[in-house]
Amino acid sequence: MPFKRPRPNPTQGGPNSESSSSRPLPAKQTKTSTAKGLPDMKIYIVQAKLDAESIATLTGLAERHSGVCRNAEDAEVLITAVSMRRRLERHVPWEIAKTKAVVTPQWLRDSIEHGGPLPCDDYVAIGDLHETTVQHCPDCNCKPCGCSDDSPSPTPPTSPRPRTAELSSSPTSLSAASVPEPAERAVYVPENLLPPDPPIPTKLETLDYTSRYACQRPAPLVCVNQSLVRELDTIRHSRWLEGEDRSALSYERAASVIKAYPHKIRSLAQVVKLPFIGTKIGGLIEQYLNTGTILEAETIKGSERFQTLSLFASIYGIGPSTARRLYDLNLRTLEDLEIYYGVERDDVGRQSQIVEVEEKPQHPRWMRGQRAADDGLGDSWIRVALGLREDLAKRIPRAEVEEMGRVVITELNDLKPGCVSTIVGGYRRGKRESNDVDIVFTHPDASKVKGLCKSLVRRLHERGMVTHVMHLSSFHTHDPLRLHHWDNLEKALTVFILPPTSPFYDGTRRRLDLIFASPEVYWTAVIGWTGSIMFQRDIRQWAKDKLGMKFDSSGITRRYDSKEFYPKTEKEVFELFGLQWVDPTWRNADL
Ligand code: DCP
Ligand code: MG
C-alpha cells in the first residue's frame, strides 16, 4: 500500500514487504530451489563499498542459501556494490573478474527470493563486464548474448523440490503441506464477503503476550503502560526522522511488546524476559520506573531539530529524508516551506480540482529500512498538502468516519450495485478519532471490480466530493512471480469533502483512501489495511517464517510454488496461518 500518509514509522511494512526490488522478476526457470536457494554455487562478496552490516547480511544469505568462497578466483559469482571498473580492479584482478558473473547484491537477494539463480542481465555490476557476466551467469536460461542455444548450462536444471518437509519440521508451524490447495481463480465463488456479524469474540486467554509475533499478542488501543510506550515511541520517532531505521525498528518492537503487556510494570524483572527487551531497552525501562521519564526521550522532545523534523514530516507527502533536506536548507517553519514550495494557499485551499500527482516507482512501503532515498510524494503533492494542512491535521471523529463511509458507499452502489465494503484502518481498531478514512471494497462478481476505483473517483469528483487525487493505481491481474503483488488492488488516495447536504458538513477536507480488491483477496486486503502496522507486518513475518508463505494486503501465496490462497472470511485468514483470532480492537500493536 504505497503512498499513504507518511507516518512516523521507519520500516514501513504495511501490508507488504522486504526485498528491495520492485521490478517484476523474469519468469521462473525450470531450475528451482532445493533446501538451499542457490545450491552448489560459489559466491564471493567483494567487501568494498559495503558497510559492515551489509557484508554480514549478504554473507549470511550466501552461507545459508549457497556457498561462500574466501577468494574471488574460486567463485562463480562475485557480488559487489562497486560500479566502477577501476575500483573493482583494486580488489579483484580484471582477468579474473572477466571469468565470473559480477553482479549487484540485489541479484543475490532476488535469486534467493526467487528460489534459484536469476539471469544476470539486469544485475550487472560493472558496465564493462556486461557481456562476460551474462556469459558466466549461473542461471540456466540461455544467455541473451555470448552463448548458443545448445550450449550446456553451467549447472543443469534439477527437478523442482518443494520445501514442504523443511517447513513442516517446525513444531509450532502449520505445515504448508497441510494447507488446502488453493481454489482455482475461475471457479472461486465468494461465500461471505461481509464482515462477520456479530463480531467473533477474542479469547484473550488463547493469545500470548510473550510471543515474538505481534499477531499473537493482544494489544489494546491504550494499554496500562501507555506513558512508557510513549517515551519509547519518541525515541523511535526520532530515529526514524534521522533515517536510522534499524534502530527505530528496535524501539518499535520493544514498544509493541510493552503495549501488549497486561500488567502495570513496577519492576524491570516483570518484563526483562519478554522478546525485544534487551539490555539497552531494559536500562531505559529501569530509568522510567525510577524517574517517570526516559532522559533521552525528554532531551529529544526538547530539541529544535526534532521538533522541526517532526513538524515537516507531519505534512502529508514529506518523509524523513525530505524533512532533513529541508532542515539542511535552513528552513524551520511551515511558512518557510510555503515560500520554498511556492504555495499560494487560496489556490489549493478551496478550489475543487483534481491534482493527479505523477506516480513514482512503487517501493514496497513495508520494506522497512530499505526505502527509496526520497520517501515523499513529490513536490506537487507537498504543495497541495501544505495548502490543506490545517484541514488535514484535524482528526476525524468516528461518527464522521461513518458518515463519509455511508456517502461513498451510496455513490458506489449507484454506480455498481452489489458492492460490499469495510471501513478499515484505525477506525476499525476502535480509534476514537482517525487521521484519515480507509475503505476496502469489492464486488462478489470479480469482473465488476476492474476499473471501479477510477469510476468512483471520477463520480465523487464530479459531485464535488473528491477534490484531489494524489495516487490512483490501476488493477492488474495477479502475477504470482512478482516479488510483491501490489497490483492486485486498485487504490485511490484522495482528499474528500462531505457534500453540503450532509449533517456533518463543515467544509473540512479529509483524507480518504479507497481500496478495491478482487473478491479473492478481499479479506487479505481488509486485514492488511486494518493494521496496525506492526500487527500486519508480523502476520507477514509469521506466514513467511512458519509456513513459507507470502502475505500482504493483496494476496497470500505459497512461496515455493507461488500458489495463491483465497480465504473466504477474515477468520479463515487466521485459520490458514494457524493463528488465533484477534479482534481488530486488539490489533493495536503500535502506539
Ligand atoms: N499500514 C501499514 N503500514 C504503513 C501504513 C499503513 O501496514 N506504513 C496499514 C496498517 C494501517 C492501515 O494501513 O493501520 C491504514 O493506515 P493509516 O496510515 O491510515 O493508519 P491508521 O488508519 O491505522 O491510523 P490513522 O489513519 O488514524 O492515522
Ligand atoms: Mg487511516
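**Stop 1: two loops with unusual backbone angles**

Select Asn330 to begin: this residue sits in the loop between helix H12 (320-328) and helix H13 (334-341). Keep in mind as you look around that the model is predicted. What is the phi of Asn330? Its value is near 75 degrees, which is positive in a residue other than glycine. Is the residue buried or exposed? Asn330 is exposed, with a relative accessible area of 57%.

Now select Phe276, in the loop between helix H8 (245-260) and helix H9 (279-291). Phe276 also has a positive phi, of about 70 degrees, although it is not a glycine. Its relative accessibility is 25%, so Phe276 counts as partly exposed.

**Stop 2: a helix under cover**

Next, select residues 105-114, which make up helix H4. How many of the residues of H4 are buried? Nine of its 10 residues are, so this helix is mostly covered. Among the buried ones you can click on Trp107, Leu108, Ile112 and His114. Move on to Gly115, just after H4, and you will find a positive phi of about 90 degrees.

**Stop 3: the disulfide**

Stay in this part of the chain and show the side chains of Cys120 and Cys137. A disulfide joins Cys120 to Cys137, with 2.3 Å from S to S. If you have not met this kind of link before, a disulfide is a covalent bond between the sulfur atoms of two cysteines. How many disulfides does a search of the whole structure find? It finds one.

Where do the two ends sit? Cys120 is in the loop between helix H4 (105-114) and helix H5 (130-136), while Cys137 is in the loop between H5 and helix H6 (164-168), so the pair ties together parts that are 17 residues apart in sequence. Turn the view to look along the S-S bond: the angle about it is 75 degrees, and the link of Cys120 and Cys137 is right-handed.

Both ends are hidden from the surface by the numbers: Cys120 is buried at a relative accessible area of 2%, and Cys137 is buried at 1%. Two further cysteines are worth a click here. Cys215 counts as buried at 1% relative accessibility, and Cys453 is likewise buried at 1%.

**Stop 4: the magnesium ion**

Select ligand 2, a magnesium ion. Which residues coordinate the ion? Asp436 and Asp438 do, each through OD, at 2.0 to 2.1 Å. Colour these two residues and check their surroundings: Asp436 counts as buried at 8% relative accessibility, and Asp438 is buried at 5%.

**Stop 5: a sheet of five strands**

Switch to a cartoon view for this stop. What is the order of the strands in the five-stranded open sheet? Going across, you pass E6-E8-E11-E10-E9, and the pairing is mixed. At the edges stand strand E6 (420-423) and strand E9 (466-473); each has a single partner strand, so one side of each is left without a neighbour in the sheet. On average, neighbouring strands of this sheet are turned by 20 degrees against each other, direction ignored.

Zoom in on strand E10 (residues 489-496) and strand E11 (residues 510-517), which run antiparallel and are joined by eight bridges. To see one of these pairings, select Leu493 together with Asp513, its bridge partner in E11.

**Stop 6: a sheet of three strands**

There is another open sheet to visit, with three strands in the order E12-E13-E14 and antiparallel pairing. Its edge strands are strand E12 (549-552) and strand E14 (564-565), each of which pairs on one side only. E12 is joined by four bridges to strand E13 (residues 555-558). Select Lys550 and then Thr557, its bridge partner in E13.

**Stop 7: a cis peptide bond**

Go to Gly531 and Ser532. The peptide bond from Gly531 to Ser532 is cis, with omega near 0 degrees. Ser532 belongs to the loop between helix H20 (522-530) and helix H21 (533-547).

**Stop 8: two crossing helices**

Finish with helix H10 (residues 295-302) and helix H11 (residues 304-313), whose axes come within 5 Å and cross at roughly 70 degrees. This makes H10 roughly perpendicular to H11. Which residues meet here? Ile300, Lys301 and Gly302 in H10 meet Glu304, Phe306 and Gln307 in H11.

Note on methods: Residues numbered from 1 in each chain as written. Chains lettered and ligands numbered in written order. Predicted model: local features only at pLDDT ≥ 70, side-chain atom pairs only at ≥ 80, totals over all residues. Heavy atoms only, no water. Disulfide = S-S within 2.5 Å. Buried < 20%, exposed > 50% of the residue type's maximum accessible area, 1.4 Å probe, protein only. Donors = N, O, S within 2.8 Å, 3.2 Å for Na, K, Ca; no water. Pairing = 2+ DSSP bridges. Axes fitted to C-alpha atoms, helices over the stretch in contact; angles between N-to-C directions. Parallel < 35°, antiparallel > 145°, perpendicular 65-115°, else oblique. Contact = heavy atoms within 4.5 Å.
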